[in-house]
Amino acid sequence: MNLPAPKYVLQIAILLTSFLTLFGQTITEMIRDWSVNDNYSHGFLIPLIAAYMIWQKKEQLSHMCAKPSNIGLLVIISGMCIFMVGNIGAELFITRTAIVVTIIGMCIYSFGTRISMAVFVPLIYLMFMIPLPAIIWNKIAFPLQLMAAKLAMHCVQFIGIPLLREGNVLHLPNTTLEVVDACSGLRSLTSLLALSAAFAYILKISYAGKWILFLSAIPIAVLVNVLRLTATAL
């Protein structure tokens, strides 16, 4: 990939400085969430994996010429608008999504649409580092809790141990187990989806195989969680 002409270097430097000035606090708060919230501790790895995904395309990128495009400015402005909407509504997920949109816009503006399309998947992959809004997390987690409790109940009863289920609570003869939010399996599901997405992109297999590999994370996460709950009950 040929580097941009010298006259664009200053523009790129200004873009990077402006980006860090605008999103510095948002990025810092997101990193803090990764540190304190086990559900998103995988966020530390996402930028590194995305960088590796781009590095794997170095041969292809080396034959591309950087042609900065003003279309990127429209995407950057869209990112700014998303950021303002998120700040007005005090919605962290929206403000953090603006980071990814702005990065895509900066890539288009600095290197052109052709190079940006070549690294589009790694850039979109950065969405895995953004924690879901609590309202969405809870909407997904509770049904998973109930499903995990129900499947674990069937497994335990199949083994021959009497068990009574009330919602997400499992009553055994001598103790009671509660399938709490941390046991819903959503934590492992998000991590496995991020991991399977990276493997699907990196491995040289058919598109059908890539989708199968990516989507296989869902039943695997559910199955492993049910096995863990069953083993705990036993």
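This briefing walks through some surface and ring features of the structure above. The model is predicted, so keep that in mind as you explore. Two topics to look out for are a nonpolar surface patch of about 380 Å² and a set of 7 aromatic pairs.

**The nonpolar patch**
- I31, F44, L45 and L48 make up this surface patch, with an area of about 380 Å².
- One of its members, I31, belongs to helix α1, which covers residues 6-36.
- I31 has a relative accessibility of 34%, so I31 counts as partly exposed, because that class lies between 20% and 50%.

**Aromatic rings**
- A pair of aromatic rings is described by the distance of the centres and the angle of the planes.
- The model holds 7 aromatic pairs.
- In the pair formed by Y125 and F128, the ring centres are 5.2 Å apart and the planes meet at 55 degrees, so this pair is tilted.
- Y125 is buried, at 4% relative accessibility, whereas F128 is partly exposed, at 24%.
- Try finding F19, F23 and F83 too: ring pairs link them into a cluster.

**A charge over a ring**
- Where does K58 lie with respect to W55? K58 sits over the face of W55, 3.8 Å from the ring centre.

**A look at M117**
- M117 is part of helix α6, made of residues 113-118.
- Is M117 buried or exposed? With a relative accessible area of 60%, M117 is exposed, because the cut-off for that class is over 50%.
- M117 and L22 are 95 residues apart along the chain, and 25 Å separates their C-alpha atoms.

Conventions
Residues are numbered from 1 along each chain as its sequence is written. This is a predicted model: local features need pLDDT of at least 70, side-chain atom pairs count only at pLDDT 80 or more; totals for chains, interfaces and linings use all residues. Side-chain values use heavy atoms; hydrogens and water are left out. Patches are made of residues with over 30% relative accessible area and no salt bridge: like charges are joined within 9 Å, nonpolar side chains (Val, Leu, Ile, Met, Phe, Trp, Tyr) within 5 Å. Accessible areas come from the Shrake-Rupley method with a 1.4 Å probe; for residues, only the protein chains shown count as cover. A salt bridge is a side-chain nitrogen of Lys or Arg within 4 Å of a carboxyl oxygen of Asp or Glu. Helices (H or I, at least four residues) and strands (E, at least two) are DSSP runs, numbered from the N terminus. Buried means under 20% relative accessible area, exposed over 50%, partly exposed in between (1.4 Å probe, protein chains only). Rings of Phe, Tyr and Trp (its six-membered ring) pair if their centres lie within 6.5 Å; planes under 30 degrees apart count as stacked, over 60 as edge-to-face and the rest as tilted. A charge sits over a ring if NZ of Lys or CZ of Arg is within 6 Å of the ring centre and within 35 degrees of the ring normal.
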